[in-house]
Amino acid sequence: MAELTLAEPPRRSQLVEGLRARLSEVVPALRLIAEGVLGADSSIDFVGVEPTGRVVLILVGEEGDDLELIGRAVAQRAWVEPRIRDWIQLAPNLGLRPGAGTRTVLLCPSFRHETEAAAAALGDRAVSLVRYRCLLNGGNLEILLEPVAREVGRGSTPPRLDRSALPPFRTGLSHEDLGLTAEEYVEFE
């Protein structure tokens, strides 16, 4: 039996090719419709369609690219969404549905806490994070995909605010005069 060992990711072209074959693991029933599309000033690695008609944009990053990748995801979604109706008109057989939305899947070796927090703030329907790992299985390169579980904001109570650290109101009111809970303060930030 061959031994599995961690490996450095291959050249980008080989990495993208290896990931293409595994995308259905993270987006079941995904139908790829384009690859290497020039979007908002950069390339979208994969464009696909879910059975619901929702567009899925997939961006591949390298180690340390995760914060930049989340910014690109927001920009690419903003670029793609107004073009979906045009795409439907040009190719009605793609299975795209107006109003079905756009989701972005980010593939990267690791994600910092800030990136996970940003993805959570955008919401589950907007951005999914997936780690990829490259392994050598004997002499063959294997790529494993691992969706990142959302922890930020799930089932946790809002942090207690230190009211002494907050600036005073210009009206002269105090925080105690308002009587707001920590959850209500968060809504105003």
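Two strands count as paired when DSSP finds at least two bridges between them. Keep that in hand for the first exercise, and remember throughout that this is a predicted model.

**Exercise 1. Work out how β2 and β3 pair, and find the residue with a positive phi in their hairpin.**

Start with the bridges: β2 and β3 are joined by six of them, in the antiparallel sense. That clears the cut-off of at least two bridges. Next, pick a matched pair to get your bearings: valine 37 sits opposite isoleucine 44 of β3. Now go to the turn. Four residues lie between the strands of this hairpin, and aspartate 41 is the one to look at, with a positive phi near 65°.

**Exercise 2. Place the hairpin in the overall layout: how many helices and strands are there, and in what pattern do they follow along the sequence?**

Count first: the protein has six helices and seven strands. Then read along the chain, which gives β-α-β-β-β-α-α-β-α-β-β-α-α. For a feel of how the chain folds back on itself, take the contacts between residues at least 6 apart in sequence; 55% of these join residues at least 24 apart. As for burial, 38% of the 189 residues count as buried. The accessible surface comes to about 11400 Å², with 53% of that belonging to carbon and sulfur atoms.

**Exercise 3. Decide which face of helix α2 is buried, and say what covers it.**

Step one is the helix itself. α2 covers residues 66-80, and its 15 residues reach 21 Å from first C-alpha to last, close to the 21 Å expected at 1.5 Å a residue. Step two, list the buried positions: Asp66, Leu69, Ile70, Arg72, Ala73, Gln76, Arg77 and Val80. Looking down the axis of α2, these buried residues fall within an arc of 160°, so they line one face of the helix. Step three, check the other side, where Glu68 and Ala78 are exposed. Last, the cover: it includes β3, β4, α3, β5, α4 and β6.

**Exercise 4. Is leucine 15 buried or exposed, and what does it touch?**

First find leucine 15, which is in helix α1. Its relative accessibility is 2%, so leucine 15 goes down as buried, the cut-off being under 20%. Then set aside neighbours within four places in sequence; the remaining contacts of leucine 15 are Pro10, Val60, Tyr132, Cys134 and Ile143. Take tyrosine 132 from that list: it is 117 residues from leucine 15 in sequence, yet the two C-alpha atoms are 10.0 Å apart.

**Exercise 5. Go through the salt bridges and compare the settings of their partners.**

A bit of background: oppositely charged side chains can pair when their charged atoms come close. The structure holds 10 salt bridges. Begin with glutamate 35 and arginine 20, whose side chains meet at 2.9 Å, N to O. Glutamate 35 belongs to strand β2 and arginine 20 to helix α1, so this pair ties together parts 15 residues apart in sequence. Glutamate 35 is partly exposed at 40% relative accessible area, and arginine 20 is partly exposed at 34%.

Now try glutamate 50 and arginine 54, which meet in a salt bridge at 2.6 Å, N to O. Here both residues are buried. A further pair is glutamate 81 with arginine 77, the closest N and O atoms being 3.2 Å apart. Glutamate 81 is partly exposed, at 37%, while arginine 77 is on the list of buried residues in α2. To finish, look for shared partners: Arg22, Glu25 and Glu142 are joined into one network.

Terms used
Residues numbered from 1 in each chain as written. Predicted model: local features only at pLDDT ≥ 70, side-chain atom pairs only at ≥ 80, totals over all residues. Heavy atoms only, no water. Salt bridge = Lys/Arg side-chain N within 4 Å of Asp/Glu carboxyl O. Helix = DSSP H or I, 4+ residues; strand = E, 2+ residues; numbered from the N terminus. Buried < 20%, exposed > 50% of the residue type's maximum accessible area, 1.4 Å probe, protein only. Expected span 1.5 Å × (residues − 1). Arc of directions from axis to C-beta. Contact = heavy atoms within 4.5 Å. Areas by Shrake-Rupley, 256 points an atom, 1.4 Å probe, with all protein chains shown as cover.
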